[in-house]
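This note is addressed to a colleague who is meeting the structure for the first time. Please read the numbered points below with the model open alongside.

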Amino acid sequence: MAPHSFHRLPALARWAGSAVLALAAALPLAARAADFPSRPITLVVPFPAGGTPDILARLMGDSIAKRLGQPLIVENRAGAGGNIGAQAVARAAPDGQTLLMCAFGCTVAPSLYQPAPYDIVKDFAPVAMIGTVPSVLVVNPKVPADTLPALLAYARANPGKLNSASSGIGGSAHLATELLKLRAGIDLAHIPYKGAGQVAADLLGGQVDMYFDNLPASLANIRAGKLRALAVASATRAPAIPDVPTFAEAGVPDFLITPWFGVMAPAGTPVPVLDTLHDAFDQALKSPEVAAKMRELGVETAPGTRADLARFVAAETVKWQGVIQANHIKAE
C-alpha cells in the first residue's frame, strides 16, 4: 500500500458514510414519489361554490383523476377573503395530498392584512399555473348607463349612490373597485359579500348595481342580456365578448386587473411529488376536452413550469404591494 494511503482512509470513510446517509435520506422521498398519490387528493378552494376558482377546479377534476389514478376532491373552505382555506393548506402535511387553488387574493392578502395571514412565497410551493381570465365590469340593466363614460358621469353627478359589490375583501373585485374610485375620481359604496354566488344573486336581483366579475362566471348572463358589460380590465378585448371595449378604449388608461388561478402545495412538499402533480395538471390543461371548455369560458390557459408560476407569484406580490401601499388600501 502506498505510504499516504493510510492517511486517506478516514476521509474516504467519511465520504462513504455521507453518501450512505444521503442515499438513506433520499429513499423516503423516492418511496413517497413512487407511491404518490396513495389516496384521494383534496384541492381546497378557499371560496364558496359558484365562483371562477370553484368552476375551474371542478372542470379539471375528472382529467386529473384519470392521470393520477385517484379522485380529486374539491373542498370549498371559505372565509376571511380566502385566508382560512389558504392557512389550512399551509399547515397541512407536505405530502402533496392537500392542495390550494390559489387566485388573485393570494398575492394581495399579505399586503392587505396586518398581520399578514401567510407568506405566499415561503409557505407554499408552486404546482401549476391554470390560467387567467378577463375582469369585466358588469351592471344591472336598471343602472342608467350603457357605457363606461356614462356610468362615470352618473357616478360623479350622484356621489355615493352607486354601489359596487365584491366577493370578499382583497379579491380582484375589491381592488378593482378601489382603483376605479381613485383613477376616475368617483365615490362608490363598496359592498363585500362572502362569495361570488351571493353577489350574482343580488346583482341579478338589482340589490347591487355593479360588479367586477371574472368573465367565466358572468358570461352566460351577459349573453342572455341579464347583465350589461361595460368594459374589460385587460390590455385587449376578450374574444368571448368582442364588442365590449377595454377600460383604455373607454377612457380610463392603465387600468389592468388580471384574475389568475394556480395550484399550490404546502412548502416542503417533495420535489418528485410536485413534479408528478405539475405534469398531471399540465397534461389536463392540454387535453382537448379541458382546453375546449376553458376556451368556451374565456379562460386563457397558461401551462408552464413550476418556476414560471413561482416568478409570476413573486412579481404579482410586489406589484400589488406597491398599489396597496401607494393608495392606502386596507382590509375593512
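1. The model is a predicted one. A convenient place to begin is the second largest pocket, which holds about 180 Å³ of space. Its lining comprises 14 residues, and those closest to the pocket centre are Ala80, Gly81, Gly168, Tyr193 and Lys194. By character, the lining of this second largest pocket divides into eight nonpolar residues, five polar and one charged.

2. Ala80 deserves a separate remark on its backbone. It has a positive phi of about 55° although it is not a glycine. Ala80 is found in the loop that runs between strand S2 (72-76) and helix H3 (83-91). Its relative accessible area is 44%, and because exposed means over 50% and buried means under 20%, Ala80 counts as partly exposed.

3. Asp254 is another residue with a positive phi, of about 55°, although it is not a glycine. This residue lies in the loop between strand S9 (228-232) and strand S10 (260-266). With a relative accessible area of 65%, Asp254 is exposed.

4. The largest pocket contains about 360 Å³ of space. Of the 21 residues lining the largest pocket, Thr132, Val133, Pro134, Ser234 and Glu300 are the closest to its centre. The lining of the largest pocket is made up of 12 nonpolar, five polar and four charged residues.

5. Is Thr132, one of the residues closest to the centre of the largest pocket, buried or exposed? Thr132 is buried, since its relative accessible area is 18% and the term applies under 20%. The residue lies in strand S4. Leaving aside residues up to four places away in sequence, Thr132 touches Thr258, Pro259 and Trp260, and also Gly298, Val299 and Glu300. Glu300 is likewise among the residues closest to the centre of the largest pocket.

6. Enclosed space should be considered next. A search of the whole structure finds two cavities of 30 Å³ or more. The largest cavity holds about 290 Å³ of space. It is lined by 26 residues, of which Phe47, Pro53, Ser167, Ser172 and Asn214 are the closest to its centre.

7. Which helices and strands each supply at least two residues to the lining of the largest cavity? They are helix H2 (52-68), helix H6 (172-184) and strand S8 (210-214). S8 gives the most, with four residues. The whole lining of the largest cavity divides into 14 nonpolar, 10 polar and two charged residues.

8. The second largest cavity has a volume of about 40 Å³. Its lining consists of Pro46, Phe47, Gly81, Gly82, Ala86, Ala103, Gly105, Cys106 and Tyr118. Six of these lining residues are nonpolar, three are polar and none is charged. Phe47 also appears among the residues closest to the centre of the largest cavity, while Gly81 appears among those closest to the centre of the second largest pocket.

9. Two peptide bonds merit inspection. Phe36 and Pro37 are joined by a cis peptide bond, with omega of about -10°; Pro37 is placed in the loop between helix H1 (5-35) and strand S1 (41-45). A cis peptide bond also joins Gln114 and Pro115, where omega is about 0°. Pro115 is placed in the loop between helix H4 (109-112) and strand S4 (124-132), the strand in which Thr132 lies.

Notes: Residues numbered from 1 in each chain as written. Predicted model: local features only at pLDDT ≥ 70, side-chain atom pairs only at ≥ 80, totals over all residues. Heavy atoms only, no water. 1 Å grid on protein atoms, 1.4 Å probe; cavity = no way out; pocket = protein on both sides within 12 Å on 5 of 7 lines; lining within 4 Å. Points joined across faces, edges and corners; volume = space filled by probe spheres on them. Nonpolar A, V, L, I, M, F, W, Y, C, P; charged D, E, K, R; others polar. Buried < 20%, exposed > 50% of the residue type's maximum accessible area, 1.4 Å probe, protein only. Contact = heavy atoms within 4.5 Å.
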